[in-house]
Amino acid sequence: MLLATLIHRASLPGPQVTPQQALDLLEVHYGLGGTLQSLGSQQDLNYRLDSPQGRFVLKICRGDYAALELQAQHAALKHLGSHPELHVPRVIPAKNGADLLSLDVDGQALHVRLLDYIEGQPLTHLKHLGPELAAGFGRLCGQMDLALADFQHPGLTRTLQWDARHAHSLINHLLPVIADEQQRSLIADVAEQAERRVQRLAEQAERRVQRLAEQLPVQAIHLDITDDNVVWQRDAQRHWQVQGVIDFGDLIRTWRITDLSVTCAALLHHAESDPFCILPAVRAYHAVNPLQQAELLALWPLIVARAAVLVLSGEQQVSIDPNNQYSRDNLNHEWEIFRVATSVPFELMEAAILGAVGQTLPAIAGEGFAPLLPGLVGREFALIDLGVLSPHFEAGNWEQPEIDTQLLQQAAAAHGLAASRYGQYRLSRTCPDSAVEPDTFPLHVQLQVPSGTAVEAPFAGVLHRAADGALRLDGPQLSVRLWGVTPSVHAGAALVKGQVLGAVDGGLKVQLCRGAQLDPPLFCTPSRAAAWQALCPSPAALLGLACDAEPELDPQALLARRDASFARSQKHYYVDPPRIERGWRNHLIDMQGRSYLDMLNNVAVLGHGHPRMAAEAARQWSLLNTNSRFHYAAIAEFSERLLALAPDSMDRVFLVNSGSEANDLAIRLAWAYSGGRDMLSVLEAYHGWTVGADAVSTSIADNPQALSSRPDWVHPVTAPNTYRGEFRGQNSTPDYVRSVEHNLAKLAEQKRQLAGFICEPVYGNAGGIALPPGYLKQVYALVRAQGGVCIADEVQVGYGRMGKFFWGFEEQGVVPDIITMAKGMGNGQPLGAVITRREIAEALETEGYFFSSAGGSPVSCRIGMAVLDVMQEEKLWENAQVVGGHFKQRLEALIERYPLVGAVHGSGFYLGLELIRNRQTLEPATEETALLCDRLRELGIFMQPTGDYLNILKIKPPMVTTRQSVDFFVDMLAKVLDEGL
């Protein structure tokens, strides 16, 4: 009878009521009129009414549904009205005062209701939810269950197809709707596994307290806190906020944990194939409404059962109501949910769910192990460091095939015995230019021992041969897997503890596992490591070897130490930054072996970990490092190299430590040479942090008080931003020059001597925007006419990064009086320079001599020359032009596809992607840019915003960046834009 009721209700088509009929119902029974918009539903019919009195939802369902159940929904809405943390719709009474109307429309018995409309949108079609949104769903589900815990109504005792208690029966009955035999078999198999696991819990409960209800709490639940039935809106920072919960059509009294299982199942179609996406929801639910361990263990089986019911019910509904587009669209989501739910073992998800709330699997009871390798007990092993910081790895050698095995073999040849460490993240398994985590965590130990070494059973069990050639000894609670062992007994043999099972033949791998049914990987991803560790504990006890990796330093604890000692004004990228301790070429690597594409590091022009830099620094440090007052060859050689790159008119070099110091010195040179103090600088510019460099910096992104705190000797001119500035386009040059003329006229009128004009030849802080044609030529002439000097700040944009030009000022066809540079000059070594003419350089002597303690040190000079050598030898300037050109073309193609992409600035490896909300007003998409950068980090890319509105991606990677990396970056950028921001 129960099954028949379930099938009958699951098989009902939706009611047939036209929009005009719905309008007639509204006018007659509610006195309302307006326009209707159809809202999707699987079996009911929902219309949104826009009327002069407001917005409402007209809900129409078949008369087959018991009125008592609908009355229960109304009572629940009234009950929840006393819980301000939950926003639910009000029921609007009809003109006769009734909350529920039972009517006949064209011979159809129908129930009709009217509810408030809650503004917002469901997130069903959002491709990526992320941990924050997943937690929001889980928290909301926990709050809803907490609020309904004391709600009672006779209409809650009902038969519903979504009730997890009936899932197994419903699945078996609906299986014939699946025509594909393979799909049908898969659904039946996973449903059976889920039922067995839930039944096991029921049996445990029966043995303990005789009633399942005491093990799995029962109460009123919503049963549909999903992406369809929760509406959200973005706040000012573009973060999603819950607006309310709608559709109480599945309200029922059943296992409490069923509610969370429904929510988690809905999250799986946003999972990008990762079922661990539900864990933030589980944690958030548990934080507001603690779950019992039996509920936690039942959760994943119920999710799998829910996935099976969804696809079967969806297929059936489409078959009986083929014109229901809502059901057809949902079916694709439901199959995705099923695919993700069946992609991992039950045991793994159970361990992950327990771990998410700080609980663990029960301990394994036992009498201890016999030695796996008894002949080696007491022998010393060389434990080989294969981790991210291993001294065995340098210059990218970890990319060589089988490098880990080679290192173990070399160690064994030298020491006799060698072993890896269990749980040490392997650098060799990192994956550059990949959006997914690499599987770097070893769930096994790899050993090099003499061939023929006897292997004995550490516990009693049955020996099997696995498909991949491994031997598997299955005991009552544990299973040990062995690779590289030749068996001495036949498969299927029962072994006693300590019995010889074979001998080592080559390298040996050992993995311990809970249960023979599992087929664990040898390596797993960092995000799954804790769960897999619970199922595959260390085999150290079998080996009698302390081979476990040292506990990793908690990144958050390390960050807290930084915050406790490092001045707060020195910011770090990201709220929860990964710990980066290694780099190679254009990638940075965290302590778990994940590679991040570095798209913002214009300091490391040669890339990270360049062996030439290490060799040059080590060599010179071993000889001498001192200050430039001493006489040594490197300072003369490097100065000559720099002058060879500069315009012919320049013949003097100052060596300093940074771009800030270089710009500060350039200002002092302008003062000394001109005899004046007044400087012109452009708005939206950044030149450094020293007193002088900061004074001429006007970027409010770097200093929100920049415009109000300039000293009176600094005179900002209008930013020549041809994209969003006061004047736009390539013909705006005269308009921007007028701002310079105006400031110069004021200075002349006040009889103040101009010292100089400082400007980036390409607008670096605004993302590499080219200055209007001829701008610098005209401005330089005006400045020089009043006795000032012209400073080209090339710290960010110069030194070949732009591709077509070595210096940014070449694009404008001018020669400055002073060039400042830093950043990429030393590939990370503190190194900056000022290049100018002799008469300007020597003018500084009237104010005393200049000295920079470490500027121009032997180490810095040698590294500076090596950078120039490598850039030439590896053709990095050419790479910036060729690959950078491809890069810009791919970025420009995004403009047509995505309204959010307004423009692409710059050239070579100095590019800016400007994000806007409106192409007419150019409203900056500041919050979207921040969200985009955070999402790119999740996908393995480091990127940060720039510009006064922080709406520009400042793309300035190492100059070794490859076409592959460029394509990966743009593909991931497109992926995030497709997801919606």
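**Close-up 1. Arg 465 and its partner across the β15–β16 pair.** In this predicted model, Arg 465 sits opposite Leu 471 of β16. The two strands, β15 (residues 461-465) and β16, run antiparallel and are joined by 4 bridges. Follow the chain from one strand to the other and you trace a hairpin with 5 residues in between. Look out for Gly 469 in that turn, where phi is positive at about 95°.

**Close-up 2. The two sides of strand β16.** Here we stay with β16 (residues 471-474) and its side chains. In a regular strand, side chains alternate between the two faces of the sheet. Leu 471 and Leu 473 point one way, while Arg 472 and Asp 474 point the other way, and all are buried.

**Close-up 3. From β16 onward to β17.** Strand β17 (residues 478-487) pairs with β16 in the antiparallel sense, over 4 bridges. A hairpin links β16 and β17, with 3 residues between them. Leu 471 has a partner here too: Leu 482 in β17 stands opposite.

**Close-up 4. Helices α9 and α11 packed together.** Helix α9 (residues 293-320) packs with helix α11 (residues 346-356) at an angle of about 135°, the axes lying 9 Å apart. That angle makes α9 oblique to α11, and their crossing is right-handed.

**Close-up 5. Side by side at the α9–α11 contact.** From α9, the residues taking part are Gln 293, Leu 296, Leu 297, Leu 299, Trp 300, Pro 301 and Val 304. They meet Phe 346, Met 349, Glu 350, Ile 353 and Leu 354 in α11. By type, the contact residues comprise 10 nonpolar, 1 polar and 1 charged.

Key. Residues numbered from 1 in each chain as written. Predicted model: local features only at pLDDT ≥ 70, side-chain atom pairs only at ≥ 80, totals over all residues. Heavy atoms only, no water. Axes fitted to C-alpha atoms, helices over the stretch in contact; angles between N-to-C directions. Parallel < 35°, antiparallel > 145°, perpendicular 65-115°, else oblique. Left-handed = near helix turned anticlockwise from the far one by under 90°. Contact = heavy atoms within 4.5 Å. Nonpolar A, V, L, I, M, F, W, Y, C, P; charged D, E, K, R; others polar. Buried < 20%, exposed > 50% of the residue type's maximum accessible area, 1.4 Å probe, protein only. Pairing = 2+ DSSP bridges.
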